[in-house]
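Open the model in your viewer and keep the selection tool ready. The stops below say what to select and what is there.

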Amino acid sequence: MSDPRKLESRPFDGPLGAEVFGVEPTADLTPDAFASIEASLRRHKVLLFRGAIRTNERLTGFARRFGELFRFFEEGTEPGFPEILRVSNLEENGKPIGLTGTMELPWHTDYANQARPAKESFLEAVEVPGGGAAATSFIDMYAAWETLPASLRAAIDGKLALHRPKAEYDLADSTSATTQAQRNAIQTAHPIAVRHPETKRVALYVSPVETTEIVGASDAWSREIFEQIFDHVIRPENIYRHEWSPGDLMVFDAIGTMHHREAFAAGMRRFMKQLSTRCEQPLQRAEDRA
Ligand SMILES: [Fe+2]
């Protein structure tokens, strides 16, 4: 059992995120210890735990404490663990063992095209290339909302946007292109400003790769608004960039952050495990004038 009093965190050298020390999150934590981790996640939005590679039982056990997990009945998951997606370019017997190959994964929020999208996501580095290749970056979308110019806030006040992965996010090199294509064909409208179901904080919920249009607006106006939003949000000073080491486990708020993975060279070896919790309800609109 871990002692919650030992939970120490140090903010990253960046606008969000923190490394947590003195606790293995997938261990058999007391409710108090888990509550400390949850509180730390709410405060920092992205948490890093360094340690030894964890078992699938431990990973799912930890992630499930946050809520219901997404399950995937397809290739590209860990055998016997439909909750664990393999994000990897590795091959076995000439077949990819996981999803996404070596391509760039542009800025996005996980499963935003689902009515009940991801609430938290978990990434564990099992095997990663050195030298900072295939780094993952994060942006705080609460801060994005809070700093959005008033005119832009007024323009999107109360509006919904449609989410569906664009063609550039088509995982053509995955082992499960058909299933992936079916999943990507889903289109869902979410409020542009959403309220986190637990903290009630307001986040801007849009991403360049999945948010296609503002409901009821012309294409041109949607494009113009998104361009202004992403010009405001995707700036170096808003980004924390993480270079992975084996055993790194990152937990992030999947409603209030966007993330991005850099492309990497085909000769490099990378194997990550990913899990996500699922929102219990569709995302609620922020009553931002309340
Ligand atoms: Fe993702």
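Select residues 56-64, helix α2 (helices, H or I with at least four residues, and strands, E with at least two, are DSSP runs numbered from the N terminus); its buried residues are Leu59, Thr60, Phe62 and Ala63. Buried means that 20 or more other C-beta atoms, placed from the backbone, lie within 10 Å of a residue's own. These four cover an arc of only 165 degrees around the axis, which puts them on the same side of α2; the arc is that of the directions from the helix axis to the C-beta atoms.

This is a predicted model, in which local features need pLDDT of at least 70, side-chain atom pairs count only at pLDDT 80 or more, and totals for chains, interfaces and linings use all residues. Residues are numbered from 1 along each chain as its sequence is written.

What do the buried residues of α2 pack against? Add β5 (81-88), β10 (118-127) and β20 (271-278) to the selection: these are the partners, with contact meaning C-beta atoms, placed from the backbone, within 7 Å.

Next, select β13, β12 and β16, an open sheet in that order with antiparallel pairing. Strands pair if DSSP finds at least two bridges between them. β13 (188-191) and β16 (211-214) stand at the edges with a single partner strand each, so one side of each has no neighbour in the sheet. Strand β12 (residues 160-163) pairs with β13 over four bridges, and Leu160 stands opposite Pro191 in β13.

Last, select Leu47, which touches Ala18, Val20, Ser40, Leu41, Met250 and Val251, leaving aside residues up to four places away in sequence.

Note on methods:
Contact = placed C-beta atoms within 7 Å. Buried ≥ 20, exposed ≤ 12 C-beta atoms within 10 Å, placed from the backbone.
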